[in-house]
Amino acid sequence: MGIAAVSLAAAAVAAPLATSSAASPPSASSGIPATAAQRLTGIVARAAEMDGDAKPVWIEAVSTSRDKALAMATPGDTIPGSVSQPVYLVVMKGNFTLNDFSTPPNTRAPTGSYLSLTYDPATFLVMDIGITNDPPPDPLQSLGPVSTLAQQK
Amino acid sequence: MPNDGTDFVTIELWDVLNDGISGAQYWTEVGVVSGLGYYHNWFWADNRPNGGGYHAHVQSSEATGGPLPVETTYVGNNQWDIYGGNSFTQIGTSTSNPDSGSGRSQFGTEYTVNPGTSMRDLGGVYQLEYESQAGQWYGEYSLAKNHNYGTPPPNVPWINGSYNASGDYETWGGIC
């Protein structure tokens, strides 16, 4: 069966949206502002810990557009309208198990050596997640100035 | 649900490429997620073979109104088109993701909170349908059945679902 459809109707009580950042959204290909990089560092460190590796080998970030970030983080997936959406793309190398997002019932959590996340620069909420054993197809430097958020010595 | 930044609840459709009962290998999914900082946000995800990996995408838009249709459609050439959103438009495309021809559709809710956290999860999925290779849509009806996953500890609230075969819908509700 390759095709399915359904109508959803639900009321689930959940957390409110995270508070917005005072920082202005960056333009694609500009560097990540220092204040945003500092905030990202804390956020992604927690994400890495939640996903099984509190000390990734490295964590790098770049400011870009969502479509270019998808080509790096989730190659093969496309989203309408992503060309005009600015994001912070974060890529980290380590040993990850994605424990905090949806998978089908009774399915083992996805694992991989590279965890990629895109963040909304205004809210710092995750927009996209990718986890694979392969590195991004191109160096992050091809998208703009890269910020190193963590580096194990 | 608790605002702990680690738990979530979804209402969604999974289209998996194997029988799916004992766990999916590869799939597409689309629905609405709350928790993790989101509140009724549209999302879709896929897990692809050949090293493709797992990917998830969250929209900034909040699901409103309803019932809200969703659809994952294999369109050939290893591509799936994902439909959802408040206006039922294409919200994503998954490529390098072959169809097995023997997959299974799953519809329902997923939540990660532990019992005793007072999360409420009320909802349902209606008009469950699949499309034949000839392009004809059919209701699931007696083809579908209810499955309650997870192992509830004794004497704690647990949210189970119920499938109505004649009406072709699944509903659930409760506090966990």
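This is a short tour of a predicted model, moving from its nonpolar cores to a run of strands, a loop and the salt bridges.

**The cores**

Start with the largest nonpolar core, which has 37 residues. Select Leu40(A), Val90(A), Met92(A), Phe101(A) and Tyr119(A), the members that touch the most others in this core. Next, colour helix H1 of chain A, residues 34-50. With six residues, helix H1 gives the most to this core.

Now keep Phe101(A) and show what surrounds it. Which residues does Phe101(A) touch, not counting those up to four places away in sequence? In chain A there is Ile129(A). From chain B come Phe8(B), Leu36(B), Tyr38(B), Phe43(B), Tyr54(B), Ala56(B) and Val58(B).

A second core, separate from this one, has 28 residues. To find this second core, select Leu8(A), Leu70(A), Trp42(B) and Val70(B), which are among its members.

**Strands across the chains**

Select strand E7 of chain B, residues 89-94, together with strand E3 of chain A, residues 77-78. These two strands pair in the antiparallel sense, over two bridges. Within this pairing, Asp77(A) has Ser94(B) as its bridge partner.

Add strand E6 of chain B, residues 79-84. E6(B) also runs antiparallel to E7(B), and five bridges join them. Here Trp80(B) has Ser94(B) as its bridge partner. Ser94(B) is thus a useful residue to label: Asp77(A) is its bridge partner in one pairing, and Trp80(B) in the other.

Follow the chain from E6(B) to E7(B). The two strands form a hairpin, with four residues between them. In the turn, pick out Gly85(B), whose phi is positive, at about 80°.

**A loop of chain A**

Go to Thr107(A), in the loop between strand E4 (86-97) and strand E5 (111-119) of chain A. Is Thr107(A) buried or exposed? Its relative accessibility is 15%, so Thr107(A) counts as buried. Show its side chain and the backbone of Pro104(A): a polar atom of that side chain lies 3.0 Å from the backbone oxygen of Pro104(A). Then show chain B around Thr107(A). Leaving aside neighbours within four places in sequence, Thr107(A) is in contact with Gly23(B), Ala24(B) and Trp27(B).

**The salt bridges**

Side chains of opposite charge can pair when their charged atoms come close. How many salt bridges does the structure hold over all chains? There are three.

Select Arg66(A) and Asp128(A), whose side chains meet in a salt bridge at 2.8 Å, N to O. Arg66(A) lies in helix H2 (residues 66-73) and Asp128(A) in strand E6 (residues 126-132) of chain A, so the pair ties together parts that are 62 residues apart in sequence. Arg66(A) counts as buried because its relative accessibility is 3%. For Asp128(A) the value is 0%, so this residue counts as buried too.

Return to Asp77(A) and add Arg48(B): they form a salt bridge, with the closest N and O atoms 2.5 Å apart. This pair crosses between chains, from strand E3 of chain A to strand E3 (residues 38-48) of chain B. Both Asp77(A) and Arg48(B) are buried.

Finally, add Asp46(B). The side chains of Asp46(B) and Arg48(B) meet in a salt bridge at 3.3 Å, N to O. With a relative accessibility of 0%, Asp46(B) counts as buried. Keep Asp77(A), Asp46(B) and Arg48(B) selected to end the tour: salt bridges with shared partners join them into one network.

Key:
Residues numbered from 1 in each chain as written. Chains lettered and ligands numbered in written order. Predicted model: local features only at pLDDT ≥ 70, side-chain atom pairs only at ≥ 80, totals over all residues. Heavy atoms only, no water. Core = buried A, V, L, I, M, F, W, Y, C linked by side-chain atoms within 4.5 Å. Buried < 20%, exposed > 50% of the residue type's maximum accessible area, 1.4 Å probe, protein only. Contact = heavy atoms within 4.5 Å. Pairing = 2+ DSSP bridges. Polar contact = N/O pair within 3.5 Å; in protein donor to acceptor, adjacent residues only side chain to side chain. Salt bridge = Lys/Arg side-chain N within 4 Å of Asp/Glu carboxyl O.
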